[in-house]
Each structure stands twice: as structure tokens, then as C-alpha cells.
Amino acid sequence: MTDNSEILKAAYFTLGCKLNFAETSAIGRQLINMGIERAALGEKPDIIVVNTCSVTETSDKKARRLIRSLHTRWPQANIIVTGCYAQLKPQEVASIEGVDIVLGSGEKLHAAEYLSEWLEKRKKSINVGRAMDIKEFVPSCQRGERTRWWLKVQDGCDYFCTYCTIPYARGRSRSGNIAELTSLVRDAASEGAKEVVITGVNIGEFGSDTGEKFFDLLRSLDSVEGIQRFRISSIEPNLLTEEIIRWIASEARAFMPHFHIPLQSGSDRVLKLMNRRYDTALFADRISLIRSLIPDAFIGVDIIAGARGETPEEWERSLAFAESLDVTRYHVFPYSERPGTAALALGDIVSQQEKHRRVSLLTSLSDRKLSAFIKSMEGTIRPVLWEHPVGNDRMSGLTDNYIRVSAPLEPQMLNTVTSVMLAPPAPEEPDTLTVRL
């Protein structure tokens, strides 16, 4: 550790969801306010913050590998670990060599206070309360390393899907309020924000504890001058109402034609076993409505392969349903056993070999759908927000409908929106369209 009279440097590493990125940015802002600077590329950090995920066993393994590699690379640095893995398995995290501070979900956004305390005592600190006891909601609107800002509007979840540990890691659903969140976005606009991503654990539950409505939040945010783009992160199909879809299609000023909707299974029986709150008919209806009103929308869909209860017959139903949907891309996850979840009692275990086969088939399906969507966009004119340089001579950005594009670098265009004609992708980047400026 450097001498206290010197300026400390911190490095930040985030695993998992967009909400985690928003919260890491918020922690970074807290540490800056303490006088701790962000370590530049190539600098040795004095403090490392690792914000973890625990949605699968693989997520836990990634977190352990990352923490160990960071300690090996910078053994002098003091490591703070937070996030869902820290909440669910604090002693396991604390036992990893190099970890000095462990913060749970309720303590995460008070990281500066716990760090100040640690700097005085220099003793390993584990600060993890019961997730179900968390009542506080700490809103944030923070910029990541690119041009997008992340607005945290909700945390926790009341759904208790049988395979999921999120309610145990983040607690019950709780929200900010519309006035405060809108004010945060106005502040971001005054700092030059052009795009804001609305994040949370189950954002459609916004207002369940305050009496406000998610749709009213969207309309309030849409009125903020200076913000050119809003994106809604993952939202449950039963909470993505027809009213919201029709509003985005015809009235919204700045909400992009981009949706991320978790399906998890194309089998109604498996959806019931998962304790999901919709069926395939409702899901198909939502996709059909989006396509009819916003034909060029990007629709990303989460799906799990090999869940308990997914017999060969249910798998065939799920795959056929996935094939029938006019979506853009599937985000495919192999089912992962999580300790303490109700799914462990469901039976019908799918072997690892069969699980991998199902993942492969769904991934191939996703690749075909994404390729067809990108192909359909070639030759069209779309608005692009230029985000950041790629190497020394190119820059990258996203269209309104979430297609990654690249063009020759023109620094003055970064964090601006321009309309361009999309050209075919280069062979080495099949998912990235090129642009002639």
C-alpha cells in the first residue's frame, strides 16, 4: 500500500449484468470524491474493486479466477469484492488470497465508508447483511468507460423463479422515485450524456413499493432535453405491456427500437416448473406486436438450455418455439444448479453432454437469426452514436436498433449521432457492419 500522503489509484472490474456496471460506476464516483483517482492504463492500482455475479456456478468460477489473477498481477493492491457472489458466499470470497474487504448487496453502495474504515484499521473486513432485510434503495446515473450512461431505477426481485438466486443475493424489489430519477438524468444531460440505459434487476417491477408506474417513469425520462437515446434493459414479457410497446412505436421521442426480453424456455410445462409468470402464447404475442409496429427493432431473448424438467419432449417443444419466433438474437445459457433453489427438487436432470448439445443447437439458431437481421440492414440509413476509438484508425458505435458498426476514426464525431449508410461487414468481424462516412 502506498503512503497515505500520496494519491491512491483504483482499478475497477465488473462481471455480470448492466446493473453491476452501473453500480461499479457509482462506487468509482464515491472513491473519486474521497480523492482516490482511477488508475490509468499501465498504472499500478493501490485499490482494486471487483463487482461479481453469481447467476451460475460458472459466474462464481470466473470471479475466483479474476480475483486470483488480479492479486498475482498486483500483489501490493488491496482488493474489495462485492456483488452477488460476495453476498451469497462471503466466507468463500474472503478466503481468496488478496481479498481485504467483502461487501454485500446492502453495503455495496457505501463502499467509500467501508474503505475509509479499513484504511484506518488495515484488517480484513467482511460486511454482509441479510439480503431480505435490505430496505434502502440507492439510485444512480453513472457513465461507463464509453459514452452510455446507466440509470439504476430498481433493485431486488419478488418473483422467486425456482432456478434463481437473485432474490437471495439482492433482496426484495425496491425502487427509486420518478422525480429523483428524472433529475439524475437531467444532471447527466448537463454533463454531455447522449444515451441512457435503464437498468435494474426486474425493472418492470418499478414502483411496486412506491405506488408509481414504470410507464410513467418512461414518459418522464423521455421529456429530458439533451438525451437523444434511451434503452430499456432486460424486461419480463408480462411487464412489457402493449401500452409501452405502442408508445415506443408511435409517440416516444428518444426510446430506441431495441428490446431485451427473457424467455428462458419455449415449453409451457417448463415455464410453470420455473415459476415464470407468462406462457408461450403471451411471449409470442409480445414479439408479434413489436414486429408489426417496429419491423426493424432489435429483439434479444434469453433462453436456458437443459433446465430441470426439460425432458426430450419438452426440449423439442422449446426448440421449435424458439425457431418460430421472429427475434434477432438468443442469449443462450446452460442451466446451472444453484444451491438452495427450489429447482433442485424438480427431478428430470439433463446430463452435461445433452445440455451442451442443446446449447450448441440454440447458439446455431441464434447465429442464423442474427446474420439474417444484419444482412437485412445492409444498405439502409441508420443513426449511429459513435462511442469510442478502436485501435488508432477506427471508431465504433451502435445504430438505434443496436447494430455494432465501425468507421475510420474521426475524433470530433465521438459522442455524437450521425446518420450513415450501412455497408456489409468485414470477414473478420461478421457481426459488425462497416460505414462509409
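The legends below describe close-up views of a predicted model.

**View 1. The nonpolar cores of the predicted model.** The largest nonpolar core has 70 residues, and those with the most contacts inside it are V185, I198, F214, I232, F255, F283 and Y330. For F255, the residues touched, when those up to four places away in sequence are not counted, are I198, L218, D222, F230, I232, W247 and I248. Apart from the largest core lies another core, made of 19 residues, among them L70, Y85, A86 and V99. As a general background to this view, nonpolar side chains tend to be buried together in soluble globular proteins.

**View 2. Helix α12 and its surroundings.** Helix α12 comprises the 13 residues 312-324, which at 1.5 Å a residue should span 18 Å, and this agrees with the 18 Å between its end C-alpha atoms. Within α12, the buried residues are E314, W315, S318, L319, F321 and A322. These residues are on the same side of α12, because they cover an arc of only 160° around the axis. On the face of α12 that is turned away from its buried side, the exposed residues P312 and S324 are carried. The cover over the buried residues of α12 includes the strands β13 (258-264), β14 (298-305) and β15 (329-334), together with the helices α10 (268-273), α11 (280-293) and α13 (352-377).

**View 3. The open sheet and helix α8.** Four strands form an open sheet in the order β7-β8-β11-β12, and their pairing is mixed. The edge strands, each of which pairs on one side only, are β7 (140-143) and β12 (229-232). Averaged over neighbouring strands of this sheet, and with direction ignored, the turn of one strand against the other is 25°. Strand β11 (residues 195-199) pairs with β12 in the parallel sense over 4 bridges, and E195 stands opposite R229 in β12. Helix α8 (residues 214-222) packs on the sheet, where it touches β8 (148-152), β11 and β12, and the direction of α8 makes about 160° with that of β12.

**View 4. The barrel of five strands.** In this view 5 strands close into a barrel, with the order β16-β17-β18-β20-β19 and mixed pairing. Neighbouring strands of this sheet are turned against each other by 50° on average, direction ignored. Within the barrel order, strand β18 (residues 404-408) and strand β20 (residues 432-435) are paired in the parallel sense, over 3 bridges. The residue in β20 that serves as the bridge partner of V405 is L433.

**View 5. The surroundings of N127 in strand β6.** N127 lies in strand β6, which runs over residues 125-127. With a relative accessible area of 14%, N127 falls under the 20% limit and is therefore counted as buried. When residues up to four places away in sequence are set aside, N127 touches I101, V102, L103, G104, E107 and Y114.

**View 6. The surroundings of L240 in a loop.** L240 is placed in the loop between β12 and α9 (242-250), and because its relative accessibility is 0%, L240 counts as buried. Leaving aside neighbours within four places in sequence, the contacts of L240 are I235, I245, F259, I261, R286 and I290. From C-alpha to C-alpha, L240 and V50 are 32 Å apart in space, while in sequence they are 190 residues apart.

Note on methods: Residues are numbered from 1 along each chain as its sequence is written. This is a predicted model: local features need pLDDT of at least 70, side-chain atom pairs count only at pLDDT 80 or more; totals for chains, interfaces and linings use all residues. Side-chain values use heavy atoms; hydrogens and water are left out. A nonpolar core is a set of buried Ala, Val, Leu, Ile, Met, Phe, Trp, Tyr and Cys residues joined through side-chain atoms within 4.5 Å. Buried means under 20% relative accessible area, exposed over 50%, partly exposed in between (1.4 Å probe, protein chains only). Contact means heavy atoms within 4.5 Å. Helices (H or I, at least four residues) and strands (E, at least two) are DSSP runs, numbered from the N terminus. The expected span of a helix is 1.5 Å times one less than its number of residues. The arc is that of the directions from the helix axis to the C-beta atoms. Two strands pair if DSSP finds at least two bridges between them. Axes are lines fitted to C-alpha atoms, for helices over the stretch in contact, and angles run from 0 to 180 degrees between N-to-C directions.
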